[in-house]
Amino acid sequence: MRFILIIGLFCVILPGWTQKIALTGKVSDTDTGEPLPYASMAIKGKPVGTIANLQGEFDFYFEAAYRNDILVISMLGYLNYEAPVWSLLAEQPLQIRLTKSITMLEEVVVTDSLDKGGEIFRIALSRIDQNFPMQPFLMDGFYRDVKKIGGTSIALLEAAVKIYDDNYAEPRNKNKLRERVKLVEVRKSIGYDNKFTSYFGQTNLLEDLLLHNNIRYRQIEADEEFLASMTREPDSHYNGHDIFVVSTTDQFFLKVYIDKTDYSIVHLEFEMETAGDNLAIRKGMVSKYLKYTKAIDFRRYQGKMYLNYITVNSRERWHDERTDEPKFETELVQHLVINEIHADTKSRIGATEKMRSYGLQYQDYPYNKEFWASYNVLKETTLDAKIREDLEKIAPLEQQFADE
């Protein structure tokens with residue numbers, strides 16, 4: 001099957017910034033027109049990159065110094081698209097065909113332990129220290145969260161951040177944040193003053209999201225029973241490498257993509273349906289999970305795997321604490337996209353620079369429209385049009401950002 005990538009590219013000079021190249025594009029299926037969500041684009045061998053949105057659309061800003069480097073677009077299950085940036089600037093929109101990989105599950109001997117998904121996953125977990133950074137590193141990222149009540153969006157917050165970590169060594173406390181985060185810019189909608197936002201808690205949601213990185217925090221209890229439940233699926237392909245795919249649906253859905261060359265974990269998908277336990281109690285109401293989904297993606301840079309993006313969607317139903325009658329549903333959608341990696345960094349985020357542990361909505365920054373004009377954010381989709389419509393019942397978002 002072949003896929004088409006339509007990209008408009010141009011070189012721009014943005015006010016107050018050095019010369020930058022901006023790539024705007026869409027990754028879609030030639031035959032069906034279906035988008036390729038979360039496809040990754042990067043400059044080959046360089047620390048910069050971004051991802052497409054749910055509809056395969058993206059805006060990618062990077063320094064003009066990379067004009068003679070190679071643009072790489074990658075997606076699980078497909079062969080890479082590569083081309084010199086300079087060769088693309090004169091043509092827009094580009095129509096580039098990508099070929100889906102036809103890597104198949106290799107024939108294995110029944111006695112070979114690698115026909116078992118659990119053994120593949122066991123090896124991958126044992127090699128985290130080898131495949132992930134064990135020297136200090138710094139990442140530039142974009143964070144977004146959207147809060148919804150009954151399917152209606154009530155609040156949006158976005159932040160440009162710097163994230164520092166010493167290494168991927170296993171922490172003693174798997175529920176305590178190891179990274180230090182510095183807020184560079186923050187913008188939010190007026191809806192953060194909505195009375196329903198208290199049902200989402202007042203903690204720092206970005207801290208919570210980072211703690212969802214099961215690989216960094218070794219939060220998967222891979223006992224023998226769990227490993228035995230994992231099966232090996234047909235192999236895949238990603239970024240020039242063949243990939244093992246293993247999964248389980250025993251207690252929840254978990255699918256893990258593992259590089260065959262070194263057993264590095266490149267992608268993880270998790271989903272859990274309704275859980276019976278009460279999660280929180282607020283204002284005489286108790287909440288229970290309806291559905292929780294997560295995706296974590298890593299990309300290789302200088303031989304190590306770094307976070308590429310993490311996305312979490314959690315839906316809860318709130319019940320009357322006394323009668324257990326269902327009252328309303330809340331949904332929290334979170335994204336963190338890494339734009340640039342600084343490996344083996346000497347830079348640190350000091351104790352006075354790091355964000356506080358309380359909610360980001362209270363850590364106010366003046367709205368910097370010029371900054372956001374050329375920062376790599378997760379491009380809004382037409383699906384996000386409903387979010388914008390909900391939020392702009394009060395006022396245009398640009399006005400809300402400025403007012404806040």
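**View 1. Phe60 and Phe62, both buried, in the predicted model**. Phe60 and Phe62 are each buried in this predicted model, and their two rings form an aromatic pair with a separation of 4.8 Å from centre to centre. The angle between the planes of Phe60 and Phe62 is 55°, and the pair is accordingly classed as tilted, given that planes under 30 degrees apart count as stacked and those over 60 as edge-to-face. A search of the whole structure returns 21 aromatic pairs, among them Phe60 and Phe62.

**View 2. An aromatic cluster of Phe and Tyr residues**. One aromatic cluster is made up of Phe132, Phe137, Tyr168, Phe298, Tyr301 and Tyr306.

**View 3. Charged side chains over aromatic faces at Tyr217 and Phe270**. Arg216 lies over the face of Tyr217, at a distance of 5.2 Å from the ring centre. In the other example, Lys294 is placed over the face of Phe270, with 5.7 Å to the ring centre.

**View 4. The largest pocket and its lining**. The volume of the largest pocket comes to about 770 Å³, and of the 35 residues that line this pocket, Pro37, Tyr38, Leu54, Thr311 and His335 are the closest to its centre. At least two lining residues are supplied by each of the strands β9 (137-149), β12 (231-238), β15 (265-273), β17 (285-301), β18 (304-320) and β19 (326-342), and likewise by the helix α7 (384-391). Sorted by class, the lining of the largest pocket holds 16 nonpolar residues, together with eleven polar and eight charged ones.

**View 5. The largest cavity, lined in part by α7**. Three cavities of 30 Å³ or more are found when the whole structure is searched, and the largest cavity encloses about 70 Å³ of space. The residues that line the largest cavity are Arg144, Val146, Leu156, Glu158, Glu380, Asp384, Ile387, Arg388 and Leu397. Two or more of these lining residues come from each of β9, β10 (152-165) and α7, and of the elements involved α7 gives the most, with three residues. In terms of class, the lining of the largest cavity contains four nonpolar and five charged residues, and no polar ones. Both β9 and α7 also supply at least two residues each to the lining of the largest pocket, which is shown in the preceding view.

Notes. Residues numbered from 1 in each chain as written. Predicted model: local features only at pLDDT ≥ 70, side-chain atom pairs only at ≥ 80, totals over all residues. Heavy atoms only, no water. 1 Å grid on protein atoms, 1.4 Å probe; cavity = no way out; pocket = protein on both sides within 12 Å on 5 of 7 lines; lining within 4 Å. Points joined across faces, edges and corners; volume = space filled by probe spheres on them. Helix = DSSP H or I, 4+ residues; strand = E, 2+ residues; numbered from the N terminus. Nonpolar A, V, L, I, M, F, W, Y, C, P; charged D, E, K, R; others polar. Phe/Tyr/Trp six-rings, centres within 6.5 Å; stacked < 30°, edge-to-face > 60°. Buried < 20%, exposed > 50% of the residue type's maximum accessible area, 1.4 Å probe, protein only. Lys NZ or Arg CZ within 6 Å of the ring centre and 35° of its normal.
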